[in-house]
Amino acid sequence: MVNVDAVFAGGGVKAFAFVGAIEVAESKGLKFQRIAGTSAGSIIAAFLMAGYTGKELRELLDELNVEQMKDERFSALPFPVTKWINLYFRQGLYKGDALEEWLKERLAAKGVRTFGDLPEGSLRVVVSDLTQGKMVVLPDDLKSYGIAARNFSVARAIRMSCGIPFFYEPVKLYNKAMSRHPSYIVDGALLSNFPMWLFKDGRRGGWPRPVIGFQLSPQDEVRPKSEMKNAIDMYKAVFGTMTSAHDKRYISEEHAKNIVFIPIKEVKATNFEISEEEKEELILLGSEKTKKFMKTWSL
């Protein structure tokens, strides 16, 4: 058994590929001691720290009806009208409550409800505070909001990190000392989609364990040039730049030798209509790429 720290990137439904990667990692004797994640990667991270195995994760995600995660607010108005009302007044098409409830139930099944139920420092989740314009690492930074980390819901933290802007409504986080002015929290991918910088590699005199990362993109990915003909194009370009620039620089500096790159381009992060066949293809790809990585990775 080899103890390692791990980092899982965001990527929406593409995260099914992580299941195959984890199954291979476990078969090679890797045991995750600390895990960090952003967005969909934070879901995987939380389940692993709660005690789910790769096999259990496969069963867990198999039972998941991804389409049900699109929980619209009820309205007597036609959907197109409701959609724009929700976007304007609630800043999101869907509530995100269904996702949080599913997370809460599955984590509770392993006895995990708050960060106090996990070993201290074992799980770290990245979110973005739009109100204060800063990156926030949970549970570490909760103290700056006057909140006790050990009492904070893990499911709520994951829901925050998965809050894709305009897709899910932002989560309001109230500062105990300034409760009248909440912070609007959204997807951590805005500021760091692959927070491998959170852990130091023990083989270079830092932490006494190696770090392995799981990234849902090719190693040599180059973003295509963005054509901006309207405001929507500009938003996509801004979002894409923010989710990749910081982490690509870090990956370059680290020479990428500790990262499993799983190239997925055909599946969109928000493809909630993903088929069972597509899920299996993603899991298989994650497995194949991790097997290849493990052949050359040195501890």
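Contact here means heavy atoms within 4.5 Å. The tour below moves through a predicted model, from the whole chain to single residues.

**The whole chain**

Begin with the chain coloured by secondary structure, which comes to eight helices and 10 strands. Of its 299 residues, 51% are buried. The accessible surface amounts to about 15,100 Å², and carbon and sulfur atoms hold 54% of that area. Among contacts with a separation of 6 or more, 76% join residues 24 or more positions apart.

**Strands S1, S2 and S4**

Select residues 2-8, strand S1, together with residues 30-38, strand S2; the two run parallel and are joined by seven bridges. To find the register, display Val2 and its bridge partner in S2, Leu30. Now add residues 17-27, helix H1: with S1 and S2, this helix makes a right-handed β-α-β unit.

Keep S2 selected and add residues 123-129, strand S4, which runs parallel to S2 and is joined to it by four bridges. On this side, Gly37 stands opposite Val125 of S4. Colouring S2 by accessibility shows a mostly covered strand, with seven of its nine residues buried.

**The nonpolar cores**

Next, turn to the largest nonpolar core, a set of 77 residues in which Phe32, Trp102 and Ile212 touch the most other members. Select residues 40-50, helix H2, which gives the most to this core, with nine residues. A second core, separate from this one, has 13 residues, including Ala9, Ala36, Phe194 and Ala256.

Centre the view on Trp102. Which residues is Trp102 in contact with, leaving aside its neighbours within four places in sequence? They are Ile43, Phe47, Leu60, Leu61, Glu63, Leu64 and Met69.

**Gly41**

Return to helix H2 and select Gly41, which lies in it. Is Gly41 buried or exposed? Gly41 has a relative accessible area of 0%, so it is buried, the cut-off for that term being under 20%.

Show the surroundings of Gly41: with neighbours within four places in sequence left aside, Gly41 is in contact with Phe8, Ala9, Gly10 and Phe18. For a final step, draw the distance from Gly41 to Ala9, C-alpha to C-alpha. These two residues are 32 residues apart in sequence, yet 4.9 Å apart in space. Ala9 was met above as one of the residues of the second core.

Notes: Residues are numbered from 1 along each chain as its sequence is written. This is a predicted model: local features need pLDDT of at least 70, side-chain atom pairs count only at pLDDT 80 or more; totals for chains, interfaces and linings use all residues. Side-chain values use heavy atoms; hydrogens and water are left out. Buried means under 20% relative accessible area, exposed over 50%, partly exposed in between (1.4 Å probe, protein chains only). Two strands pair if DSSP finds at least two bridges between them. A crossover is right-handed if, with the strands pointing away from the viewer, the path from the first strand over the helix to the second runs clockwise. A nonpolar core is a set of buried Ala, Val, Leu, Ile, Met, Phe, Trp, Tyr and Cys residues joined through side-chain atoms within 4.5 Å. Accessible areas come from the Shrake-Rupley method with a 1.4 Å probe; for residues, only the protein chains shown count as cover.
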